[in-house]
Every structure is written in C-alpha cells, then in structure tokens.
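Welcome! Below you will find a protein model to explore, and this short report walks you through a few of its details. Keep the structure open beside you as you read.

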Amino acid sequence: MKHLALTIVASLGCLSPLQAQTLPVYLDESKPLEQRIDDALSRMTLDEKIAVIHAQSKFSSPGVKRLGFPDLWTDDGPHGVRPDVLWDEWEQAGQTNDSCVAFPALTCLAATWNPAMARLYGESLGEEALYRGKNVILGPGVNIYRTPLGGRNFEYMGEDPLLASRMVVPYVQGLQSKGVAACVKHYALNNDEEYRHQVNVKVSDRALHEIYLPAFRAAVQEGGAWAIMGAYNLYKDQHNCHNEVMLNKILKQDWGFDGVVISDWGGCHDTDEAVRNGLDLEFGTWTDGLTMGKTNAYDAYYLAAAYKQAIREGRYTTKELDDKVRRVLRLFYRTTMRRNKPVGFLCSESHYEAALKIAQDGIVLLKNATVPDGSPSGKRNLLPINPTETRSILVVGENAIKMMTVGGGSSSLKAQREILPLDGIKARFKSATIDYARGYVGDTVQSYNGVTVGRSLYETRSQAELTAEAVDKARRADVVVFIGGLNKSDYQDCEGHDRKSYDMPYAQNEVVEAILKVNPRLVFVNISGNGIALPWLSKVPAVVQAWFIGSEAGEAIASVLAGDVNPSGKLPFTWYASLDQCGAHATGSYPGTWRPDHRVIDEEYREDIFVGYRWTDRLKAKGKPLFPFGHGLSYTTFKLGRVTADKVSMGAADSLTFTIPVSNTGSVAGAETVQLYISEKQPKGERPVKELKAFRKVFLNPGETRLISLTIGKEALSHYDGATGRWTVSPGAFEALVGTSAADIAARCIFTFK
Ligand code: BGC
C-alpha cells in the first residue's frame, strides 16, 4: 500500500475510465475537492494528522507519504525566492541552483500604482518558485506603514489600505495562478519591528478595520490567498499566531478564509492557544525568528507531541485537529497535488524584464528643479541628464557600489546578478567620463546570510579624506549623482529592529552640503523603503526615490536619470519633514510602554484612524510634509480637466462613476496616476478629511488627452462603526476630489448619498 498510492499518482494521466473508477476518492479528480479532502482525512492516522500540522525542517512540513501526498516546501518571499538553508539550520545549504532574480521590494511595487505590475510580479515570482520546488511563498507583506522608522516597511505596500489592497490582490492571484501559494504576512498589526515579540498592540476596532485589516481582507476575499502568516506581536494580550479574535473570529468566521494559518517562525508559544485559536501549521518554533536554535526540535513543537498526548488523554477531541488537517490538505490539493502545473523556470530573461519594468515603473521623481546651464533659456531642469551632451558625471555614495539584494533579514536573496548603480550609470553614459567617490562609510559587512557582496566595502580612509575626495572631484564634474540613503543593515531598513532616528545615517548630510558648495548640480538618488529627513532639500535641485529595486537596480536608475524612461512612480506613503508630523510619534505612542514585569510592551495606536495623510491633512497648520502621499513628478506635464459624475446622488445599491479628462501637455510620453479621494462634508463623528478610494495610471503621448473613469460603490463612503461592528454610511453630502497626489487636487465634485 505504501508505494501503491505513489504509483497511482504518477500514472494518473494514462488511466482508462474503468481504471479511474477504482481510484480512491481522494485521488479522483472528478470528485469535488471537499469530498476528496474528507476521504483523505478519514484515511489518516493520528500520527499522520499531527505530522502535517508542524514543520519537519526549517522550511518544510511533511506530506502523507503513505497516501502519496508530497512534502510541502515554503520559502521567503516576498521579493524573490530565498536560497536554500540546511535542513535544520539557518546556514545556507550551498546549492548551486538557487540563485534567483531579485524583484524590487514591495514598496517599489506599491509605488507603481499599477495593478498590472503586481500581477506580473506574482506570476514571475511564481515561476521562479516552481522551478525551485517551493509550494508556498512567504509573502507578500501588507502591514501598514505607520512610522517611517519601521524596519520592514520596505517589504510592505505603504500607508494606505486601498492602495495596498488593490496591489496585493493581483500579486496573490498572479503567484497562485502558477500553483504556488501566497502566505500573506504578517497578520496583523506588526507595524514596527522593535520588540516585535513583546509588543501588545492596542487599537480601536475602527482603526483596525479601516486601516490595518483591509489589505489582508482583500488578499483573502478577492485574491483568494491560500495561506496567511500570523504575526509575532500580541493583540488583546494574545499572540497573533494563536489569537481568538484575529484568527477564529475575523479571519475564519467573518471573512470565510478556507486556507492555512501558518505561524511566523517562532511565533507559536502555547499548545492550548494554538489548538483552540486558529493556528493550522506551526513553523520555526525554538528558533526565535532567525537567531536562537535548538536542533531537531520538531517533536517538541506546540502542535506536535504535546498536542498528540493531550488528544490521547482526552483533553481534546479531534475536532480542532481535523479542521487544521482539512485546511492543510486543501493547501496540498492547491499546490503539491495540483496536476498539470507548469515546471517553472529560474532567472529567465522574461523575469529580468519584469524586474526591470517594475523598477522603472516604481521609481519616484520627488523633485526636479531648474539649474543654470548653457541652454538658450539659461536654465533647465537638472533631470534628465542628457547622455550625449554631458561630459563628466561624478557618482558619490556607498549605495552606488553596495549590493542591496542582500541584507534586511528574511527577504535577503542570492541574486544571480545585481546591476549596481555605478555600473548601470557607466553602461548608460558611455560617452561621458564617470568618476566615483565613496563619500562616506556606512556598512562594510562583506557577506550576509552566506552571500558574499560583490565588491569589497573595506575602507581605511578617514571621513575628512572621503569628503575631500568627493568635493575635489565634484568641482570638476558636469553633474554629481549622489547615491545614498539606507542600506538594509541592522537599524537601517532591516528586519528585527526599527531605525533609531529619522535622520540620514552616516556622514551623508555633511558630504552633500560640502559638495553643494562647489557644485550645485547635484542629484540625490535615495535608496530606502522609508522616508528620511532631507535637511538640504531646498538646495538640492533633483531628488529621486529609487527604493531597493533588485537585480536590475543600476539599469533602472540609469534609464530614469538619462530620460530613457520617464519616471511615473508615486509615493505610497507620506514623506514627513520630521517625525512629529507622523501620528504615531506626535501622539507619543511609539514604541509603547513596558509593563512592570518587562515582559510585554503596550503600544497604543493613539492616532487611531489618522495614519499618514489622514493625519497630516488634519494638521496642516503644523507644516507640510516634504512630499505628500501619492506624489511623483514626470519629465512631462499633465493637466486634469473638469470632473463629472454620472449621477448627482447615489443610493446603497448604486455605483457612481466619475470621469475626468487627462492630457499630456508636455513634450515627452509619460504616465500620470489619477487619484480619487472621497470626503464626507458634514460627518457626524470623526472622519479623515479625505480618503483614497480609486486610482488609475494612464500612459499618454505628448498632446494626447484621455477620459479616465473611476467608479465607486457605497463602501467607498462607509466607515466602520466600532459600537455595532458594522460598516455604515449616513445620508448626506460627499465630495469627490480628483488629483495627482493627496496635496494636489485638481478637480472636485459634490454628490449626495441618500
Ligand atoms: C520573518 C518572516 C519570515 C520567516 C521565515 C521570520 O523571522 O518574520 O517574515 O517569513 O522568518 O524566514
């Protein structure tokens, strides 16, 4: 019997109808899925059931060999498929076939404001995962950007629930179209990294449902995610990996999630809670995330021997167990048992093209001012840099030569290639002399998680010498391109900790200021997943936000600098001038308050629903952010016309469509993202001034005008009523605000809800 099932599985394709009739139900594809699951479950022993609900190695859990269910392999996620580690250790396995394409980090994807890019991302990643034999990708991450210090914001999709929702759905669908499960993470309220295992988040039901849950809900209900990862932190004093409210009530009961809840690695802490409160598959216990280890601890998992013993002693029936196993079996049928799935492929040219396209679509031109030059008008915008006219470019900054696909924690990759910014610029600006000055020393680590960084970052010179070199070379350059920012080292956009300060780290500010004194033609290209204080902003004519963009970083950056690609990314978060413009900091609620026993730190989200632009909109008087949510410039100009609605009044069952003409009024082709915000005119209770409810990115040739339509339903007007636990909307007047950022509203239109 042991080998029979395997043989049956292998030869299913050539069965005659008669033979097919003899198939056990669980293998018979003509039978409904749930019937097959019931049949498989009825054949499993207690040992087999216990085995499939916890890990057997760092990243795999067992199937049911006797019945022909293969092992399940998971892997990080979310920006590429992580290299293999040893069976029971975090050390790299040293495989030679696990180099991957590194896709841009998810902040960049969100900055494309382009759901088609998210679909492409998911599909491409799915193909890489398939080739590597991975069934579950541990991603995407959709925790809301609540503070710019958040160590993992680069892995997430920004501050706005609607934007993150619209981007996560196609990612999940694209990935799963390849038969690879998405494991959406970290559910929920893992909005900062500091003390992530001890933080108990206190948040109103309203903020939970309006801000922190929508993207997860969309991933589950619209994207059909097959798995979700519980977060490390606590909510209502219970860890999120076994949280009664979060998992049983909201996820499974209210949203009807039929997939598998996977614990974050080391996020499970208690057998009883894990049994009762919705955890289905335990991973990483005794590993404390990425550091501490206990060899072969798998039998000691909370859902292993202890659970089995409790069932044997009658402390539990198999009710909860059977529910968990059913879910795991469903995941098997969706992934490992799925027939006719493609083979997948790794590092194909089409994956590199996808990575490049997404990067180019997500790079944000934050500022582009005029500088004196030799042109007839005497002045023109510093960017793009003309590749034929420019004689010399000085590239400054460690980030021009530092690999960014390594570092940052579990999303670190072994990229087959990573084009560094300096190399990308050299390749694109062939007729110019390209000089380089490091400018400052940030992170000199030579290898991370078993991957050696391409170039040596060893440095013996003093800061004074580095500054002097940069200034000296800058004096002689036509243009200076400073490539700086953060770098995914500890405390600089990295898992496990938040940034300690909002300031630009290392000596970067000092070097920028010194260069400006001798050459004002400076472009600052910022590499990060977070906003950073830019004290010299008024003096630097051009600033580009280039994220952590993966394998094709150098080419993507150079193509934007040269104007081959007209930038069209838009910020997925508000870029504050200083931390006190951010609600989490202005209310003093970050990082929280330790309880007297120092075991739990309570973090109360006092800014409530007023996250990001919802906060700065209210506090206009306290100064403007450096760049608003949704901001991003172009090398062309756009004009939005008058907005019209298809009705003046809408009812609960109606939808309302707004139409607005958008024209490219400049001289190069480019894309603009039209953003629709809704504002309630006289709300009875508190409401944000406005909230994003729809958007569309449109590509236009010079002189072209297109009519853009954006449709909303009643849910776009609703707010969550914490008292009743329902979404509700009151009759009254609303306003549609259409613009190109949260602060650039070009057209308005009043309508009523009756
Ligand atoms: C991270 C997860 C990751 C897991 C496995 C954890 O420390 O929080 O995001 O998927 O490790 O590497």
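Let's begin in a loop: Lys236 sits between strand S7 (234-235) and strand S8 (238-239). Please bear in mind that this is a predicted model. The backbone at Lys236 has a phi of about 50 degrees, a positive value, although Lys236 is not a glycine. Why is that worth a look? Most residues other than glycine have a negative phi, and most peptide bonds are trans.

That second point brings us to another loop, the one that runs between strand S2 (72-75) and helix H5 (106-112) and holds Gly77. Pro78 is found in the loop between S2 and H5 as well. Which form does the peptide bond from Asp76 to Gly77 take, cis or trans? The bond is cis, and its omega is near 5 degrees. Moving one step along the chain, the bond from Gly77 to Pro78 is also cis, with omega near -10 degrees.

**Around the ligand**

Asp76, which you have just met at a cis bond, turns up again beside the ligand. The ligand has 15 residues around it, and those that come nearest are Asp76, Arg152, His186, Tyr232 and Asp264. What kinds of residues make up this shell? It divides into 7 charged, 5 nonpolar and 3 polar residues.

Some side chains place a polar atom beside an oxygen atom of the ligand. For Asp264, the distance from a polar side-chain atom to a ligand oxygen is 2.7 Å. Lys185 also has a polar side-chain atom by a ligand oxygen, here at 2.9 Å. In Glu495, an N or O atom of the side chain is 2.9 Å from an oxygen atom of the ligand. How much of the ligand's accessible area does the protein cover? On its own the ligand has 310 Å² of accessible area, and the protein covers 100% of it.

**Helices that pack together**

Now find the helices. The table lists pairs that pack against each other.

| Helix pair | Angle | Distance between axes |
|---|---|---|
| H6 (residues 115-131) and H7 (residues 161-176) | about 30 degrees | 7 Å |
| H7 and H9 (residues 214-221) | about 25 degrees | 8 Å |
| H14 (residues 349-362) and H18 (residues 553-562) | about 40 degrees | 9 Å |

Helix H7 appears with two partners, so start there. H6 and H7 meet at about 30 degrees, and because angles under 35 degrees count as roughly parallel, these helices are roughly parallel to each other. The crossing of H6 and H7 is right-handed. With its other partner, H9, helix H7 is again roughly parallel, and H7 passes H9 in a right-handed crossing.

How do H14 and H18 lie, oblique or roughly parallel to each other? Their angle is about 40 degrees, so they are oblique. H14 and H18 also cross in a right-handed way.

Definitions and conventions
Residues are numbered from 1 along each chain as its sequence is written. This is a predicted model: local features need pLDDT of at least 70, side-chain atom pairs count only at pLDDT 80 or more; totals for chains, interfaces and linings use all residues. Side-chain values use heavy atoms; hydrogens and water are left out. A residue is near a molecule or strand if one of its heavy atoms lies within 4 Å of it. A polar contact is a pair of N or O atoms within 3.5 Å; within protein, one must be able to donate a hydrogen and the other to accept it, and residues adjacent in sequence count only if both atoms are side-chain atoms. Accessible areas come from the Shrake-Rupley method with a 1.4 Å probe; for residues, only the protein chains shown count as cover. Ala, Val, Leu, Ile, Met, Phe, Trp, Tyr, Cys and Pro count as nonpolar, Asp, Glu, Lys and Arg as charged, and the others, Gly among them, as polar. Axes are lines fitted to C-alpha atoms, for helices over the stretch in contact, and angles run from 0 to 180 degrees between N-to-C directions. Helices (H or I, at least four residues) and strands (E, at least two) are DSSP runs, numbered from the N terminus. Angles under 35 degrees count as roughly parallel, over 145 as roughly antiparallel, 65 to 115 as roughly perpendicular and the rest as oblique. A crossing is left-handed if the near helix is turned anticlockwise from the far one by less than a right angle, and right-handed if clockwise.
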